[in-house]
Amino acid sequence: MSADFSKVPTRDILDFAAAYPLAWIVPAADPSTALLMPLLIETDADGTPLSILGHMPVRAPAGDALRRDGKAVFLFLGANAYIAPGWVSQTDWAPTWNFLSLKIEAASMQVDEALTKPAVEALVRHMEARAGSGWTVDRIGPRYETLLAGITGFRAPISKIEPRFKLGQDESETVHDEIKRGLGDHPLADWME
């Protein structure tokens, strides 16, 4: 069988990026300055992805590259696992690697200090909603402004989204079920549903 691992519903793409917000920011002007930062995908009222909202250290070389040329690629990697042939009853089956990934391109990233506080607070709200602790940045107190001075916010309108969810879609139903069983409670198993 063969499958198109890039045919992923928008809702699944958004759920994936929400669950795995840590992504590489790769400036087109200087890919060697790439850095990992937590990012959020902003959507319109209908759930269509519009932009990436994030922050980075003020002194990050990536920031300089992005100010020169706002083109960037964002690379998200989620749950992934080696899939062992021993899990599968098909004797000529070869090992593989299953994973969730997402590549987003932006042609005009806007690095802007005015976005710093909104970007940080949106990220904290998102992560705290998942953690369930109810913590807010107000609890930092006066130190919050000092921390904000060391980072800068950005927004990057999305020009292209390329998901790649390799989850055994190209396998028979039997092999798919065997892989899922072999994964046990690995997070990848839930995405195979």
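Is Lys-103 buried, partly exposed or exposed at 29% relative accessibility? Lys-103 counts as partly exposed (buried means under 20% relative accessible area, exposed over 50%, partly exposed in between, with a 1.4 Å probe and protein chains only). We'll come back to Lys-103 in a later view.

A note before the views: this is a predicted model, where local features need pLDDT of at least 70 and side-chain atom pairs count only at pLDDT 80 or more, while totals for chains, interfaces and linings use all residues. Residues are numbered from 1 along each chain as its sequence is written, and side-chain values use heavy atoms, leaving out hydrogens and water.

**View 1. The whole chain.** Here you have 6 helices and 7 strands (DSSP runs numbered from the N terminus: helices are H or I with at least four residues, strands are E with at least two). Reading from the N terminus, the order is α-β-β-β-α-β-β-β-α-α-β-α-α. The C-alpha atoms fit a box of roughly 60 × 40 × 35 Å along the principal axes. Of the 193 residues, 42% are buried. Take the contacts (heavy atoms within 4.5 Å) between residues at least 6 apart in sequence: 74% of them join residues at least 24 apart.

**View 2. Helix α1 and its cover.** Helix α1 spans residues 10–19, and its buried residues are Ile-13, Leu-14, Phe-16 and Ala-17. They sit on the same side of α1, because they cover an arc of only 160° around the axis (the arc is that of the directions from the helix axis to the C-beta atoms). Look for what lies over them: the cover includes strands β2 (35–43), β3 (49–57), β4 (72–83), β5 (96–106) and β7 (151–166), plus helix α6 (187–191).

**View 3. Strand β5 and its partners.** Strands pair if DSSP finds at least two bridges between them. β4 and β5 run antiparallel, with 10 bridges; one spot to find is Val-73, whose bridge partner in β5 is Glu-105. β5 is also antiparallel to β7, joined by 8 bridges, and there Ile-104 stands opposite Ile-161 of β7.

**View 4. A salt bridge between β7 and β2.** The chain has 7 salt bridges (a side-chain nitrogen of Lys or Arg within 4 Å of a carboxyl oxygen of Asp or Glu). In this one, Arg-155 meets Glu-42, with the closest N and O atoms 2.7 Å apart. Arg-155 is in β7 and Glu-42 in β2, so the pair ties together parts 113 residues apart in sequence. Arg-155 is partly exposed at 29% relative accessibility, and Glu-42 is partly exposed at 21%.

**View 5. Lys-103 and its network.** Back to Lys-103, as promised. Its side chain forms a salt bridge with that of Glu-162 (3.7 Å, N to O). Glu-162 lies in β7 and Lys-103 in β5, so this pair links parts 59 residues apart in sequence. Lys-160 joins Lys-103 and Glu-162 in a network of salt bridges.

**View 6. A salt bridge within helix α2.** Asp-64 and Arg-67 pair up in a salt bridge (3.7 Å, N to O). Both belong to helix α2 (residues 61–68), 3 residues apart, about one turn of the helix.

**View 7. A nonpolar surface patch.** Leu-22, Trp-24, Leu-36 and Leu-75 form this patch, with about 350 Å² of accessible area together. Patch residues have over 30% relative accessible area and no salt bridge; like charges are joined within 9 Å, nonpolar side chains (Val, Leu, Ile, Met, Phe, Trp, Tyr) within 5 Å. Accessible areas come from the Shrake-Rupley method with a 1.4 Å probe, and for residues only the protein chains shown count as cover. Leu-22 belongs to strand β1 (residues 22–27) and is partly exposed, at 47% relative accessible area.
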